[in-house]
Amino acid sequence: MRVFRGHSRPVPAPVVLAIGNFDGVHLGHAALVKQLAEAAARLQLAPTVLTFEPHPREFFAPESAPARLSTLREKLELLTDCGVSQVMISPFNAAFAALTADEFIEQVLVRGLRVRHLIIGDDFRFGRGRTGDFALLQAAGQRLGFTVEAMGSVMLDGERVSSSGVRRAVAAGDMAHAARLLGRPYIMDGQVTHGDKIGRQLGFATANLRIKHNPLPMSGVFAVEVGGLGDSPLPGVANLGIRPTVGGTRPLLEVHLFDFDRDIYGAHISVRFVHKLRAEQRFPNFDALKAQIAADAVAARAFFKL
């Protein structure tokens, strides 16, 4: 994937463009990318995605911004899986937020991205005060040499597929419903780092991943599948949270892989959350924690029928 940051320099060649936050990269996003690829093939131009960092709601109201489903790296990896080969990441800062709708069209879309055809979601708004809409884009396109199409919502069993819907599902621990909206299990990934070795002391060695999602979209103990360590995902059990029993304060993802004994420090792995076993909780002592971890491992093995 080619990644451009900012729009001060034009991209090398004209593009077909889709715009969005793409948080979680769910089925609606996948449908938008499919439409993008088809238009790009028809016009023989590079299929390109424009996304923003941080999420605009994090810029305007950080205290009430929604929990991110995916980090920037995860988002780029998921977009690659969908077939996207070129992404522009536009820093969402005070200068960008101050652009009028016309300035956004002229500076970002026309000069920066050299757009020839644009695909947007049916609820896309842009520019200072969110004054830009589909009609304004169409009128500008006629004047500046690009065409525009809007994609309607993707519905699943009467529900509009959205990042908000995925957030509600994972927060409620309904991993099966989240997977239906995403078209795959919910995933977090990261590099395996050295921890405090408490899991090993308890008889359950873990691969530890520092999590950059803040706030966490969910927490608890899960049956998981781990990719990146072989030809097929490996089953395990994971705790996602702050580990209150040991006085933790930073989010950590601890994964115990079943029947696995390899040194994987430094490896980049993806953790697929397939079933929630319970909420994270504080235990009165290490013995109670050890007993519950053993019970969690049994429950996860039973889920996988191991």
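The following passage describes the sheets, aromatic pairs, helix packing and backbone features of a predicted model. Local features are reported at pLDDT of at least 70 and side-chain atom pairs at pLDDT 80 or more, whereas totals for chains, interfaces and linings use all residues. Residues are numbered from 1 along each chain as its sequence is written, and side-chain values use heavy atoms, with hydrogens and water left out.

Helices (H or I, at least four residues) and strands (E, at least two) are DSSP runs numbered from the N terminus, and two strands pair if DSSP finds at least two bridges between them. An open sheet of six strands was found, with parallel pairing and the order E1-E4-E3-E2-E5-E6. Its edges are formed by strand E1 (2-5) and strand E6 (147-151); each has a single partner strand, so one side of each is left without a neighbour in the sheet. From one strand to the next, the twist averages 25 degrees; such angles are taken between N-to-C directions of axes fitted to C-alpha atoms, for helices over the stretch in contact, and run from 0 to 180 degrees. The edge strand E6 is joined in parallel to strand E5 (residues 115-121) by five bridges, and Ile119 stands opposite Glu149 in E6.

Six strands also make up a closed barrel, which runs E9-E10-E13-E12-E11-E14 with antiparallel pairing. In this sheet, neighbouring strands are turned against each other by 40 degrees on average, direction ignored. Strand E14 (residues 268-278) pairs with strand E9 (residues 186-193) in the antiparallel sense over six bridges. Strand E11 (residues 220-227) is likewise antiparallel to E14, and seven bridges join the two. Phe273 in E14 stands opposite Tyr186 and is also the bridge partner of Val224. A further bridge partner in E14 is Arg278, which is matched with Val221. Val271 lies in E14 as well. With a relative accessibility of 0%, Val271 counts as buried (buried means under 20% relative accessible area, exposed over 50% and partly exposed in between, with a 1.4 Å probe and protein chains only). Val271 and Gly228 are 43 residues apart in sequence, and their C-alpha atoms are 9.1 Å apart in space.

A pair of aromatic rings is described by the distance of the centres and the angle of the planes. Rings of Phe, Tyr and Trp (its six-membered ring) pair if their centres lie within 6.5 Å; planes under 30 degrees apart count as stacked, over 60 as edge-to-face and the rest as tilted. The structure holds twelve aromatic pairs. In one of them, the ring centres of Phe52 and Phe96 are 5.7 Å apart and the planes stand at 55 degrees, so the pair is tilted. Because Phe52 lies in strand E3 (residues 46-53) and Phe96 in helix H4 (residues 94-97), the pair ties together parts that are 44 residues apart in sequence. Phe52 is buried at 8% relative accessibility, and Phe96 is buried at 9%. Phe303 and Phe304 have ring centres 5.3 Å apart and planes at 75 degrees, so this pair is edge-to-face. Phe303 is partly exposed at 34% relative accessibility, whereas Phe304 is buried at 18%. Ring pairs also link Phe52, Phe59, Phe60, Phe92, Phe96, Phe104, Phe124 and Phe126 into a cluster.

Two packed helices are described by the angle between their axes and the distance between the axes. The axes of helix H7 (residues 163-171) and helix H8 (residues 175-182) come within 7 Å and cross at roughly 160 degrees. H7 and H8 are therefore roughly antiparallel (angles under 35 degrees count as roughly parallel, over 145 as roughly antiparallel, 65 to 115 as roughly perpendicular and the rest as oblique).

Most residues other than glycine have a negative phi, and most peptide bonds are trans. The peptide bond from Glu53 to Pro54 is cis, with omega near 0 degrees, and Pro54 is found in the loop between E3 and helix H2 (56-60). A positive phi, near 50 degrees, occurs at Arg114, in the loop between helix H5 (101-112) and E5. Arg114 is partly exposed at 28% relative accessibility. Lys305 also has a positive phi, of about 60 degrees, although it is not a glycine. Lys305 is placed in the segment after helix H10 (286-304) and is exposed, with a relative accessible area of 74%.
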